[in-house]
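Here are a few short exercises to help you find your way around. Have a look at the structure first, then work through the steps at your own pace.

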Amino acid sequence: MRIGIITFPGSLDDVDAARAVRLAGGEPVALWHAEHDLQDVDAVVLPGGFSYGDYLRAGAIAARAPLMQDVVERARQGLPVLGICNGFQVLCEAGLLPGALTRNSHLHFRNRDQVLGVERADTAWTSSYATGQRIVIPVKNGEGRFVASDGDLDRIEGEGRVVVRYLDGNPNGSSRDIAGVTSENGRVVGLMPHPEHAVEDLTGPSTDGLGFFTSVLKAVVNA
Amino acid sequence: MTSATEGLSELDTGPGRLSARLDTVELAGTTPDDEQPYAELGLKDDEYARIKDILGRRPTTAELAMYSVMWSEHCSYKSSKVHLRQFGDLPHSDALLVGIGENAGVVDVGDGYAVTFKVESHNHPSYVEPYQGAATGVGGIVRDILTMGARPIAVMDSLRFGPADAPDTARVLPGVVAGVGGYGNCLGLPNIGGELLFDECYAGNPLVNALCVGVMRHEDVRLAKAEGVGNKVILFGARTGGDGIGGVSVLASETFDAEGPAKRPSVQVGDPFMEKLLIEACLEIFGQDLVTGIQDLGGAGLSCATSELASAGTGGMHVDLDTVPLRDSTLTPAEILMSESQERMCAIVEPGKVDQFLAVCRKWDVLATVIGEVTEGDRLTVDWHGERIIDVPPRTVAHEGPVYERPMARPADLDRLQADDAGKLPRPTTGAELQAHWLAVISSPDGADKTWVTEQYDRYVRGNTVLAQPEDAGVVRIDEDSHRGIALALDGNARYARLDPYTGTQLNLAEAYRNVAVSGATPLAVTNCLNFGSPEEPEVMWQFAEAVRGLADGCRELGLPVTGGNVSLYNQTGDVPINPTPVIGVLGVHEDVRRRIPGGWRADGETVLLLGETREEFGGSAWASVVHGHLGGRPPTVDLAAERRLGELLAALGRDGLVSSAHDVADGGLAQTLTESALRYGVGARLRLDGDPFAALFSESAARAVVTTNDPGAVTTAAQEAGVAVTELGTTGGDGPDAALVVQDLLELRLDELRAAWTATLPALFGTPEATVGRVPAGAVPTS
């Protein structure tokens with residue numbers, strides 16, 4: 001199972017995402033932002049980091065990278081895409097996911113181990129979890145506050161598109177404690193917390209993050 | 001006082017002392033008596049005379065700029081050199097692959113891996129402009145590590161500020177922390193530890209010391225030298241701008257004058273995104289073997305890089321300064337040579353590899369320009385608009401700067417200070433008093449929880465962080481298959497060093513060594529960042545000399561090499577120097593990071609053991625400082641042989657899996673250690689303290705650690721065989737709301753109360769960055 005991981009200039013957690021894919025049993029494939037070549041991957045991860053230094057708006061420049069045109073087109077046809085942190089920002093900027101990520105309400109970068117509640121266990125990236133499951137994975141961001149208009153928030157909630165929600169405290173002021181959302185077809189998921197940092201007991205607060213990567217392997221088989 | 005920039009612009013364009021014409025080598029030869037503003041550039045009369053002597057004429061404006069920055073205290077180590085030689089005289093170490101003199105030392109950590117690490121100060125810029133000063137401090141040390149051929153894998157920061165409640169600390173600290181975080185986070189380097197301490201002596205002189213560690217294979221080590229006539233000199237990275245001009249000579253090498261002008265223009269501005277691209281481009285360039293020599297541009301910018309590269313090679317280099325890409329086209333040649341614009345590197349590349357080199361830079365959107373080449377002979381020449389503005393022997397710029405044997409004098413107040421024994425201070429006697437003092441120490445700004453700072457740093461990126469703050473040492477995995485890894489600690493207790501710089505420096509070495517050892521690692525090598533006042537004051541110079549002697553003797557006794565270091569002088573405002581602050585870094589190796597020993601208690605029913613001996617030692621202690629505002633007496637005794645025995649014991653205990661936690665005992669004594677171990681995972685303990693409970697809790701005797709184990713018999717036997725004293729303190733137990741640290745017949749500290757006291761301090765001082773949960777204020781939401 002080939003899972004592509006896109007490196008943009010300024011991507012940081014691409015090595016971590018590749019490790020997570022490997023530990024889940026998939027084959028990580030390095031993709032370069034400037035090439036129109038998805039290399040026949042079965043799914044794509046947009047990793048965390050500071051693409052283009054967060055200049056202009058976080059994710060705004062990367063969303064216009066040549067390879068993102070291919071990602072957007074294929075995602076609309078059902079290619080599973082996961083955006084983590086900066087990757088989530090890119091997906092919002094690319095119009096694949098609703099809302100926007102803005103500066104944390106307290107204006108600090110914050111890194112902590114975060115409790116999340118899984119609300120959708122039927123997306124391409126979350127089928128390894130149970131609905132209502134509590135998981136602990138790191139969150140680390142400076143511009144992670146999810147915002148949308150009240151109307152959009154009501155629609156997102158009404159359509160059940162909140163994938164994970166912050167529990168036991170909201171680390172950045174996100175509207176309605178939303179930590180991650182999905183596309184209408186459940187194939188594209190964006191989240192601010194970092195499941196790729198919770199895949200080994202040795203280095204993470206838990207191994208709760210591995211489920212995102214095992215889920216997509218199943219989703220690809222079943223597709 | 002005139003700033004360096006003003007002095008230069010006047011020179012090149014102003015009407016006055018020199019003609020408005022470009023100051024060329026030819027002109028300098030025909031106008032030997034023109035006055036030059038060398039004093040404004042930080043050069044002394046005799047230093048200027050020496051430059052004239054070397055050149056056989058007056059220097060051109062550009063040459064004067066170059067010499068002034070390279071002969072600054074910061075770049076030339078002119079006051080410290082005669083003392084630092086002791087590090088080079090230490091016995092040969094097989095672990096040391098590259099020693100002092102290169103950008104950073106390189107250490108063999110086994111399996112063909114080499115590690116390079118270094119700590120550097122960015123004190124003065126961080127006071128002037130906290131965010132950018134701290135950010136570019138991180139950027140600079142990361143480039144030093146990259147220059148050695150290594151991939152940077154982690155950073156640490158050692159920070160000191162004035163009183164925690166001082167208004168200026170509220171100005172400086174948040175900016176420094178945000179700068180360290182902003183730059184390191186954006187580079188994708190985990191921050192794995194450091195220090196945060198407060199003292200009146202740092203008001204007006206905060207210390208910002210940043211460490212970077214990098215890893216490479218043995219065969220990938222790169223050196224900074226320009227060899228091979230005809231090879232090209234390539235400048236790559238950011239464009240050159242007007243920022244940081246004279247940073248090393250004006251900011252880092254002068255005492256702040258209370259009434260002086262604002263020095264903000266001398267602080268560099270960082271762009272971590274550019275540095276991230278530079279890292280990836282460099283590693284790809286190294287991987288394709290495209291450079292024969294490489295140097296980063298830090299303090300003194302292009303002046304430093306060209307003169308150091310040339311003098312490390314055969315000596316000849318020519319540069320066409322017009323080719324340097326500029327951010328500001330009005331810069332004068334002298335300004336271009338002195339600029340400390342960040343995120344720039346200089347490489348020596350064979351002509352046949354230039355195209356490939358430029359292609360890698362293009363891939364990463366990094367600007368790269370051929371600015372010159374390696375030449376015959378031993379002169380560094382620089383042209384501007386077709387005219388020669390520099391023609392110097394590069395060694396005289398880079399390595400043959402002035403060397404001073406500064407006068408030294410033992411501080412006049414030291415006898416009085418040492419006689420003021422902290423052991424005579426009123427001591428707590430009842431359980432209630434002990435409890436009150438315990439809470440005071442652990443909730444003091446030095447003792448309190450540092451989460452306010454450390455949660456602004458990314459500790460997870462790259463996925464190899466095994467231990468990070470608040471652990472005693474940072475531990476990073478370097479090989480995912482073999483599980484090999486490294487451990488690092490930084491320590492610099494300045495109270496001890498104030499009372500006795502020789503012993504205090506050895507205590508800092510001992511603490512860093514111990515912090516690495518409690519993680520289960522074997523200590524391998526030492527680096528340092530020596531922060532002191534003005535070397536022109538004999539008492540400061542004496543403190544410095546004693547600290548260096550202490551460190552050299554200590555390393556000799558522990559059998560560890562000093563791989564390099566950094567000296568920061570002139571840390572004083574007016575005539576009051578900071579306490580001598582030798583920050584010592586120790587690197588250790590883990591053959592298997594899965595065997596690392598964490599510091600917190602996780603399980604009930606484990607036996608708590610104290611390893612090492614406790615004496616009545618309160619001089620320079622946190623207790624004396626917090627409870628009595630007292631600094632006096634002698635610092636604790638140093639026993640490096642005991643440290644070594646303890647370290648070897650801990651490594652063996654870790655390897656054999658006999659202990660489940662280990663935490664060193666240092667400032668704040670056992671009270672601090674127990675607090676941190678209990679609060680880490682919310683597990684309490686029932687303890688008994690034999691003898692004087694006050695000494696047991698607050699003495700800062702060195703060579704001690706607390707461990708927990710399921711097999712106290714085996715640990716005790718191992719300790720006895722190793723010659724380490726063992727005292728059973730009690731048993732872990734109790735979690736949830738009733739969890740407590742209970743000291744039998746004396747006191748009971750509920751963990752929730754302890755946690756409240758420990759965690760409240762920094763947020764109360766610097767603001768609670770809590771998020772507004774759920775709701776977003778009206779008007780803050782974009783309409784779609």
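Let us start with a hairpin in this predicted model: β27(B) and β28(B) form it, with three residues between them. In the turn, Asp745(B) has a positive phi of about 65°.

**Exercise 1.** Find how β27(B) and β28(B) pair, and over how many bridges.

*Solution.* Begin with β27 of chain B, residues 740–743. This strand and β28(B) are joined by four bridges, in the antiparallel sense. For one example, pick Leu741(B): its bridge partner in β28(B) is Leu749(B).

**Exercise 2.** Which side chains of β28(B) are buried, and which are not?

*Solution.* Recall that side chains in a regular strand alternate between the two faces of the sheet. Now walk along residues 747–750 of chain B. Leu747(B) and Leu749(B) point to one face and are buried. Glu748(B) and Arg750(B) point to the other face and are not buried.

**Exercise 3.** Work out the strand order of the six-stranded open sheet in chain B, and why one side of β1 and of β5 has no neighbour in it.

*Solution.* The order is β1-β2-β3-β6-β4-β5 (chain B), with mixed pairing. β1 (96–98) and β5 (191–198) of chain B stand at the edges with a single partner strand each, so one side of each lacks a neighbour in the sheet. From one strand to the next, the twist averages 25°.

**Exercise 4.** Trace the link between β4 and β6 of chain B, then find the helix that packs on the sheet.

*Solution.* β4 (residues 151–161) and β6 (residues 207–217) of chain B run antiparallel and are joined by nine bridges. Within this pair, Val155(B) stands opposite Cys212(B) of β6(B). The helix is α9 of chain B (residues 167–187), which touches β4, β5 and β6 of chain B. Its direction makes about 175° with that of β4(B).

Key. Residues numbered from 1 in each chain as written. Chains lettered and ligands numbered in written order. Predicted model: local features only at pLDDT ≥ 70, side-chain atom pairs only at ≥ 80, totals over all residues. Pairing = 2+ DSSP bridges. Helix = DSSP H or I, 4+ residues; strand = E, 2+ residues; numbered from the N terminus. Axes fitted to C-alpha atoms, helices over the stretch in contact; angles between N-to-C directions. Contact = placed C-beta atoms within 7 Å. Buried ≥ 20, exposed ≤ 12 C-beta atoms within 10 Å, placed from the backbone.
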